[in-house]
Amino acid sequence: MRHIAAITLLLLARTCFAWGGEGHRIVGAIAAAQLDKQTAKAVAELLDDETVADAACWADEVRSDKQYDWIKPLHYINVPRGATSVDMQRDGAKGEQVVSSIAKYRDILKDTSRPKAERAQALKLLLHFVGDVHQPMHVSFKEDLGGNKLTVTSFGKKSNMHKVWDTDLIQRRLRDTKGGWATMSADLRQAITDDQRKAWAASTNPVDWANESFAITVQLYAKAPGNDGVNDDYYKQWSPTLNARLQAAGVRLGALLNDTLKAPASPKKP
Ligand SMILES: [Zn+2]
């Protein structure tokens with residue numbers, strides 16, 4: 001039985017899409033490394049000791065399970081072409097999306113009167129969505145399904161702009177990285193400066209995170225890959241941006257969890 005469980009987990013692990021599995025794990029591991037003791041304990045209890053990195057993939061692993069179809073629109077937010085920023089009154093009006101979902105599931109996670117299963121699910125969704133909102137192509141345009149329909153050649157293979165940012169650029173770096181995503185995550189975490197950490201952690205509004213992503217998306221569409229498609233030049237040009245998005249997502253996820261799961265302040269005197 002243990003073997004079957006392990007194999008199932010492996011199969012599931014391979015189906016983590018957005019930020020291509022590795023991306024979500026990298027974000028999760030950066031966040032996990034900065035949890036204070038009490039938060040780490042609460043997280044481990046809610047996840048039944050599954051790692052934060054693995055649990056960050058859950059929302060993608062259940063994509064083929066119909067009972068979780070309601071999660072599908074929550075991975076992204078669409079912005080109209082020509083817009084200069086995310087406008088929640090306009091872009092959030094059509095229903096739930098990644099930005100409002102972060103606030104919603106943070107509130108559920110915080111509410112210790114709710115059942116453990118509900119809070120555990122909210123935690124898994126948060127681990128995932130904070131990653132997604134930092135992926136530029138998840139804050140993008142409806143017409144091409146966030147770049148999914150924007151076909152490009154990427155390192156010699158047919159791909160699309162969504163996949164380039166979910167997976168291909170990370171895979172390019174992993175080709176040169178011994179130890180896979182865990183090494184990449186540790187390297188990125190150690191490269192975060194104190195000033196970056198402070199600045200990223202101080203920005204706690206998911207609308208701002210989405211706006212940062214959207215500003216990058218606008219640039220990505222303005223400077224679409226040329227005839228050669230996505231190649232090492234493109235990778236060199238954009239990898240600092242990619243790294244910063246993964247780092248910022250990890251730092252903010254860690255800060256959000258510390259803030260959400262800290263012990264409630266002792267009741268104020270009347
Ligand atoms: Zn996702």
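**Exercise 1.** In this predicted model, determine whether His-75 and Asp-132 are buried or exposed, and describe the zinc site to which they contribute.

*Solution.*
1. His-75 and Asp-132 are both buried.
2. The zinc ion takes its protein donors from His-75 (ND1), His-128 (NE2) and Asp-132, the latter listed with two OD entries, at 2.0 to 2.8 Å.
3. Along the sequence, the donor residues follow the spacing H-x52-H-x3-D.
4. His-75 sits in the loop between helix H5 (58–61) and strand E1 (77–78), whereas Asp-132 belongs to helix H8 (residues 116–134), so the pair ties together parts that are 57 residues apart in sequence.
5. A tetrahedral assignment would require all angles to lie between 85 and 135 degrees. The angles subtended by the four donor atoms run from 51 to 146°, which makes the arrangement irregular.

**Exercise 2.** Characterise the salt bridge between Arg-25 and Asp-54.

*Solution.*
1. The N to O distance between the two side chains is 3.2 Å.
2. Arg-25 lies in helix H2 (residues 22–32) and Asp-54 in helix H4 (residues 52–55), so the pair links distant parts of the chain, 29 residues apart.
3. Buried means under 20% relative accessible area. Arg-25, at 8%, therefore counts as buried, while Asp-54, at 29%, counts as partly exposed.

**Exercise 3.** Carry out the corresponding analysis for Arg-81 and Asp-144.

*Solution.*
1. Their side chains form a salt bridge with an N to O distance of 3.9 Å.
2. The partners are 63 residues apart.
3. Arg-81 is partly exposed at 46% relative accessible area; Asp-144 is buried at 7%.

Terms used: Residues are numbered from 1 along each chain as its sequence is written. This is a predicted model: local features need pLDDT of at least 70, side-chain atom pairs count only at pLDDT 80 or more; totals for chains, interfaces and linings use all residues. Side-chain values use heavy atoms; hydrogens and water are left out. Donors are N, O and S atoms within 2.8 Å of the metal (3.2 Å for Na, K and Ca); water is not among the atoms, so sites may look incomplete. Four donors count as tetrahedral if all angles lie between 85 and 135 degrees; four count as square planar and six as octahedral if opposite donors are over 155 degrees apart and all others between 65 and 115; anything else is irregular. Helices (H or I, at least four residues) and strands (E, at least two) are DSSP runs, numbered from the N terminus. Buried means under 20% relative accessible area, exposed over 50%, partly exposed in between (1.4 Å probe, protein chains only). A salt bridge is a side-chain nitrogen of Lys or Arg within 4 Å of a carboxyl oxygen of Asp or Glu.
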